[in-house]
Amino acid sequence: MVQALDFSMMAKALHYAALGERNSSPNPCVGCVIVKDAEIIGHGHSQVAGGAHAEVMALAMAGEAALGATVYVTLEPCSHFGKTPPCANALIAAGVARVVVALRDPNPLVAGQGLARLEQAGIEVEFGVLHDAALEHHKGFFNRMILKKPWVRIKTAASLDGRVALKDGQSKWITGVAARSDVQRLRARSCAMITSIETVLADDPQLNVREFSVVRQPWVVILDSQMRTPCEAKILQQTKVIVIAAKESERRLALEASGAEVRVLADVSGERVDLPALLNLLAQRGCNEVTIEAGGTLNGAFLQAGLVDEMVLYQAPVLLGEGLPLARFTLSQLADQFKPQVFERRMVGVDQRITLRFTHIQSALQGVN
């Protein structure tokens with residue numbers, strides 16, 4: 001039976017899960033706490049892929065005191081041998097009495113088998129505590145496992161009148177220092193950063209995480225239909241760069257010599273990149289969340305294709321007048337307008353950060369329980 005303590009302790013497990021969200025992909029970042037006599041005796045979160053899982057870290061901290069304890073974990077303990085042994089087996093061996101789980105694992109290699117193994121060992125299992133909060137935390141992993149695509153986020157910075165740059169392209173800096181620092185957090189939790197050749201040519205960005213230490217940098221993906229990326233571009237200095245083109249070019253060898261991987265993914269026109277195919281490719285590579293940092297053309301293309309789950313808009317208290325819009329797309333009638341829900345508003349320095357959702361997680365992931 002679910003108890004009042006279960007909710008507060010699962011909230012603690014989610015707190016620990018958030019601590020490792022920058023490093024654990026392609027694995028989900030799971031959080032775990034072990035409780036005895038209403039006191040936390042062990043806690044942990046997923047480490048870099050191949051490292052310890054949350055349950056193993058928490059058990060190591062708890063030691064022999066784990067015998068007869070209650071374990072709270074944000075995602076079903078794994079039941080298969082991957083790079084590490086099954087966490088379900090470790091919990092059984094430690095002699096825990098009860099396991100409270102927020103979500104079943106959508107990975108077909110687990111998918112309820114971890115819970116079944118615990119129950120077969122005589123451990124009491126409770127399921128579904130803080131289900132919605134845990135699904136919010138694990139949304140990228142669930143998207144990839146169930147929908148075969150990453151959670152897609154557009155990050156953009158704009159003025160009060162919706163401009164991302166002046167008419168001549170000047171855009172540094174619309175937002176303040178705090179907002180720009182906050183963007184580093186989004187990059188760090190992203191498995192891949194997507195941009196356009198237009199942004200590369202105009203801004204020569206790096207799109208890496210610079211303000212704090214991470215164990216892995218995100219992939220950098222350049223949508224460059226005609227392979228126009230300059231070999232001296234700063235973005236090619238990153239270690240994991242993919243140039244996605246729509247057609248072959250004699251420049252492929254030069255780009256590959258510069259360290260980039262080059263892939264051709266054309267849509268039916270043969271002139272543009274196939275965006276769904278790109279997201280499928282990134283999902284196959286274990287990308288749970290991807291962030292688009294580009295101009296209005298690419299933002300609009302992803303929006304019009306219905307591929308955006310979330311937009312994070314940093315809105316500066318300035319007016320720019322004539323300038324470049326945050327997204328370019330065409331609607332045939334007013335009824336077709338995009339109507340995202342405001343998920344969160346908060347101030348970041350002098351700027352407002354608005355998180356807009358185009359996808360309702362629960363409805364998108366039908367059958368998640």
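A residue is called buried under 20% relative accessible area, exposed over 50% and partly exposed in between, with a 1.4 Å probe and protein chains only. The model is predicted, so local features need pLDDT of at least 70 and side-chain atom pairs count only at pLDDT 80 or more, while totals for chains, interfaces and linings use all residues. Residues are numbered from 1 along each chain as its sequence is written, and side-chain values use heavy atoms, with hydrogens and water left out.

The structure holds three aromatic pairs; rings of Phe, Tyr and Trp (its six-membered ring) pair if their centres lie within 6.5 Å, and planes under 30 degrees apart count as stacked, over 60 as edge-to-face and the rest as tilted. Phe141 and Phe142 form one edge-to-face pair, at 6.3 Å centre to centre and 80° between the planes. Both Phe141 and Phe142 are buried.

Phe338 and Phe358 also form an edge-to-face pair, with 6.3 Å between centres and 80° between the planes. This pair links distant parts of the chain, 20 residues apart: Phe338 lies in the loop between β14 (323-325) and β15 (341-348), and Phe358 in the loop between β16 (351-357) and α12 (361-364). Helices (H or I, at least four residues) and strands (E, at least two) are DSSP runs, numbered from the N terminus. Phe338 is partly exposed because its relative accessible area is 31%; for Phe358, also partly exposed, the value is 27%. Ring pairs join Phe329, Phe338 and Phe358 into a cluster.

Charged groups also sit over rings (NZ of Lys or CZ of Arg within 6 Å of the ring centre and within 35 degrees of the ring normal). The charged end of Arg180 sits over the ring of Trp173, 4.4 Å from its centre, and that of Arg357 over the ring of Phe343, 3.9 Å from its centre.
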